[in-house]
Amino acid sequence: MKTALVVLGMHRSGTSSVAGALTLLGAAAPRTLMAPAADNPRGFWESHVVMVLNDALLAEAGSSWSDWRRLPRMPDPAAARDRIVQTMAGEFGDAETVVLKDPRMCRMFPAWRDALGQAGYRPLIVTPLRSPSEVAASLQARNPISREQGLRLWLRHVLDAEAASRGLPRHFMRWASFMTDWRAEVALINARLGTALAPAAGDDGAGIDAFLTPDLHRQRDEAPAPALVARAWSVLGDLARHGEHPDLHAALDVLRHAFDQAEELFADAP
């Protein structure tokens with residue numbers, strides 16, 4: 001069975017730098033890479049075709065990438081599976097280990113999880129975690145999104161992604177830690193996921209060092225976040241430090257339930 005390294009993280013959380021580094025460590029990138037842009041000058045390292053598919057699946061679910069609410073419904077499972085299987089074949093061909101990344105997958109991963117197995121892939125999850133205040137600031141810099149909406153989006157994406165990927169081999173990591181010492185984080189990925197990621201012979205990681213420069217960490221915002229957001233950030237940090245534990249899963253379930261209940265009070269919020 002082939003391997004899909006699924007970079008499952010919120011928008012503006014360092015997913016592009018992580019996906020790029022995994023590609024430099026030998027995993028195959030998609031064939032239709034999105035072009036670099038002003039907000040991501042070194043590339044997004046994600047498939048334009050996958051992004052378009054996820055936008056379509058979100059629309060069928062009655063949602064969009066910038067909607068923080070629970071999904072009203074899921075797309076038809078069989079139809080979604082067929083499209084995902086076809087997309088994986090077109091984007092990655094026969095490559096044995098691939099990097100699959102699109103922040104929209106945080107919301108659509110239930111459909112992808114099933115379909116990846118049908119497509120012949122074993123999914124391994126790598127989730128970069130970035131401070132919710134920094135994510136909100138980065139979204140504000142790129143989109144006409146308020147800090148409050150950015151925090152709601154962060155909370156919905158990370159809680160959905162964690163719940164949908166539970167039970168799979170996965171590695172959560174603070175993005176700031178990855179940027180500071182990617183070698184240590186890759187060693188943890190290898191240990192937790194059973195991979196053997198390593199720089200090309202003779203490179204010693206110099207290519208990744210040149211790619212992961214400090215200027216990628218543009219927004220730095222440590223403003224206090226609301227209690228629900230701060231608690232989720234803390235529990236996910238424990239998951240990154242200590243690995244899987246039923247108590248941490250239970251705590252995240254409680255937070256997700258509380259957020260779902262709060263949604264009813266803010267149905268008019270963008």
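Visitor: How are α10 and α11 oriented to each other, roughly parallel or roughly antiparallel?
Guide: In this predicted model, the axes of α10 (residues 227–242) and α11 (residues 246–263) cross at roughly 160°. Angles over 145 degrees count as roughly antiparallel, and α10 and α11 are therefore roughly antiparallel to each other.

Visitor: Within what distance do the axes of these two helices come?
Guide: The axes of α10 and α11 come within 10 Å.

Visitor: And is their crossing left-handed or right-handed?
Guide: The crossing of α10 with α11 is left-handed.

Visitor: Which residues make the contact?
Guide: From α10, the contact involves Leu228, Arg231, Ala232, Val235, Leu236, Asp238 and Leu239. From α11, the participants are Leu248, His249, Ala251, Leu252, Leu255, Ala258 and Phe259.

Visitor: How do those residues divide into nonpolar, polar and charged?
Guide: The contact of α10 with α11 has 11 nonpolar residues, 1 polar and 2 charged.

Visitor: Turning to pockets, how much space lies in the second largest one?
Guide: The second largest pocket holds about 180 Å³ of space.

Visitor: Which helices supply at least two residues of its lining?
Guide: α6 (147–165), α10 and α11 each do so. Of these, α6 gives the most to the lining, with 4 residues.

Visitor: Which residues line that pocket?
Guide: The lining consists of Trp68, Glu148, Leu151, Arg152, Leu155, Pro226, Leu228, Val229, Phe259, Ala262, Glu263 and Phe266. Leu228 and Phe259 also take part in the contact between α10 and α11.

Visitor: What is the division of the lining into nonpolar, polar and charged?
Guide: The lining of the second largest pocket has 9 nonpolar residues, no polar ones and 3 charged.

Note on methods. Residues are numbered from 1 along each chain as its sequence is written. This is a predicted model: local features need pLDDT of at least 70, side-chain atom pairs count only at pLDDT 80 or more; totals for chains, interfaces and linings use all residues. Side-chain values use heavy atoms; hydrogens and water are left out. Axes are lines fitted to C-alpha atoms, for helices over the stretch in contact, and angles run from 0 to 180 degrees between N-to-C directions. Angles under 35 degrees count as roughly parallel, over 145 as roughly antiparallel, 65 to 115 as roughly perpendicular and the rest as oblique. A crossing is left-handed if the near helix is turned anticlockwise from the far one by less than a right angle, and right-handed if clockwise. Contact means heavy atoms within 4.5 Å. Ala, Val, Leu, Ile, Met, Phe, Trp, Tyr, Cys and Pro count as nonpolar, Asp, Glu, Lys and Arg as charged, and the others, Gly among them, as polar. On a 1 Å grid over the protein atoms alone, a cavity is a set of points where a 1.4 Å probe fits but cannot get out, and a pocket is an open set with protein on both sides within 12 Å along at least five of seven lines; lining residues have an atom within 4 Å of a point. Grid points are joined across faces, edges and corners, and a volume is the space filled by probe spheres set on the points.
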